[in-house]
Amino acid sequence: MSTNDTIKYIESQPDYEGKQDFTITVYAEDRVGLLNRISIIFSKRKINIDSLNTSPSEIAGIHRFTILINESYEVVRKLARQIEKQVEVLKVYFNTDSEIIWQELALYKVSTEEITEKVTVERLLRQYGATAVVIRKDYTVFSVTGHKEETDALVKALEPYELIEFVRSARVAIIKDSAGFHEKLKEFEAEEPGEERVENEFLDKGEKIFTM
C-alpha cells in the first residue's frame, strides 16, 4: 500500500511551524520485535518518546500503539512514513492535542494520618476528583484521571502533606474525526482484495489424467 494514501496529511499552518505535542497512533499486527523496531526509528533520530502505550484495538489481532512526542510537523510526518514501512504496520495517524480526546491515569500514595488530621488534604483530593483505591492505616492510594497539567498540579499541591509516591501512566487517546479502524480495513480490502479461490478443474478427473 502507498504511504501517501494511508498517512493522514495535515496541510501546513502557522501552528505547525514549531515544536509541539503530537500523538502518533499506530495500528499493527501483534508481532514480537515490532515495538523494538519502532523505538529504534526514534532513537536513530535522537527523538525522545515522552509517552508510549500499547493495547489491543477494537479489532481482534490488531494492536494499537499510542506514542507522544514533542516535535515539528515535518519531523513527525517523516517519522510516520518510516513507521508505516514496517511490514506488520497497517496504518499510522498523527495528531495534535486539539484533534484527539486523551487522558492519563495517575496514582498518589499519601499518609493516611495526614488525610484524617488535615481537612486541607481531603479538600484538595476532592477538588481534583481523586478516588481512593487502597486505604491502609499507614497510607492511602488515590487515583486521578486527566491531562498532564492536572495530575502535575495535584503533585505540587500534595508535596507539603507527605506525598509518599507518585506515578503516571502513558497517554491513551481517541481521534475525534476517526470512523474507527473497521472502515479503514474495508477500504484496504476494496483496494487490495485477496486472491480468489481457484477450483482445480482436474480434481474430479484423477484417474483419467494420471492413468498411464
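Ala132 touches Val141 and Phe142, leaving aside residues up to four places away in sequence. Ala132 belongs to strand β6. Its relative accessibility is 39%, so Ala132 counts as partly exposed. Another residue to locate from here is Val144. Ala132 and Val144 are separated by 12 residues in sequence, and their C-alpha atoms lie 9.2 Å apart. These values, like the others below, come from a predicted model.

**The chain as a whole**

The chain has 212 residues, and 38% of them count as buried. It contains eight helices and nine strands. Its exposed area is about 13600 Å², with carbon and sulfur atoms supplying 50% of that area. Contacts often span long stretches of sequence. Take the contacts between residues at least 6 apart in sequence: 78% of these join residues at least 24 apart.

**A four-stranded sheet**

Four strands form an open sheet in the order β2-β3-β1-β4, with antiparallel pairing. Strands β2 (51-56) and β4 (89-96) are the edges. Each has a single partner strand, so one side of each lacks a neighbour in the sheet. On average, neighbouring strands here are turned by 15° against each other, direction ignored.

Strand β1 covers residues 20-29. Seven bridges join β1 to β4, and the two strands run antiparallel. Within this part of the sheet, Ile24 stands opposite Phe94 of β4.

Two helices meet these strands. Helix α2, residues 34-44, packs on the sheet and touches β1, β2, β3 (62-71) and β4. The direction of α2 makes about 15° with that of β3. Helix α3, residues 73-84, lies across β1, β3 and β4. The angle between α3 and β4 is about 165°.

**Thr66, a residue of β3**

Is Thr66 buried or exposed? Thr66 is buried, since its relative accessible area is 4% and the cut-off for buried is under 20%. Thr66 lies in strand β3. Its contacts, not counting residues up to four places away in sequence, are Thr23, Ile24, Ser51, Leu52, Asn53, Arg171 and Ala173. Ile24 in that list is the residue that stands opposite Phe94.

**Salt bridges**

Side chains of opposite charge can pair when their charged atoms come close. This structure holds 12 salt bridges. Three of the pairs are listed here, with the N to O distance for each.

| Basic residue | Acidic residue | N to O distance |
|---|---|---|
| Arg31 | Glu29 | 3.4 Å |
| Arg37 | Glu88 | 2.7 Å |
| Arg168 | Glu104 | 3.5 Å |

Start with Arg31 and Glu29. Arg31 has 47% relative accessibility and counts as partly exposed. Glu29 counts as partly exposed too, at 28%.

Now the pair of Arg37 and Glu88, whose closest N and O atoms are 2.7 Å apart. Which parts of the chain does this pair link? Arg37 sits in helix α2, while Glu88 is in the loop between α3 and β4. The two residues are 51 residues apart, and the pair links distant parts of the chain. Arg37 is partly exposed at 29% relative accessibility. Glu88 counts as buried at 12%.

The side chains of Arg168 and Glu104 also meet in a salt bridge. Arg168 lies in strand β8 and Glu104 in strand β5, so this pair ties together parts 64 residues apart in sequence. Arg168 has a relative accessible area of 26% and is partly exposed. Glu104 counts as buried at 5% relative accessibility. The pair belongs to a network: salt bridges that share partners join Glu104, Lys148, Asp152 and Arg168.

**A nonpolar surface patch**

Which residues form the nonpolar patch on the surface? They are Leu105, Leu107, Val133, Val134 and Val167. Together they have about 370 Å² of accessible area. The elements giving two or more residues to this patch are β5 (100-111) and β6 (131-135). Val167 is found in strand β8, residues 163-168. At 46% relative accessible area, Val167 is partly exposed.

Some elements recur across these topics. Strand β6 holds Ala132 and gives two or more residues to the patch. Strand β5 gives two or more residues to the patch as well, and Glu104 lies in β5. Strand β8 contains Val167, and Arg168 lies in β8 too.

Technical notes:
Residues are numbered from 1 along each chain as its sequence is written. This is a predicted model: local features need pLDDT of at least 70, side-chain atom pairs count only at pLDDT 80 or more; totals for chains, interfaces and linings use all residues. Side-chain values use heavy atoms; hydrogens and water are left out. Two strands pair if DSSP finds at least two bridges between them. Axes are lines fitted to C-alpha atoms, for helices over the stretch in contact, and angles run from 0 to 180 degrees between N-to-C directions. Contact means heavy atoms within 4.5 Å. Patches are made of residues with over 30% relative accessible area and no salt bridge: like charges are joined within 9 Å, nonpolar side chains (Val, Leu, Ile, Met, Phe, Trp, Tyr) within 5 Å. Accessible areas come from the Shrake-Rupley method with a 1.4 Å probe; for residues, only the protein chains shown count as cover. A salt bridge is a side-chain nitrogen of Lys or Arg within 4 Å of a carboxyl oxygen of Asp or Glu. Buried means under 20% relative accessible area, exposed over 50%, partly exposed in between (1.4 Å probe, protein chains only).
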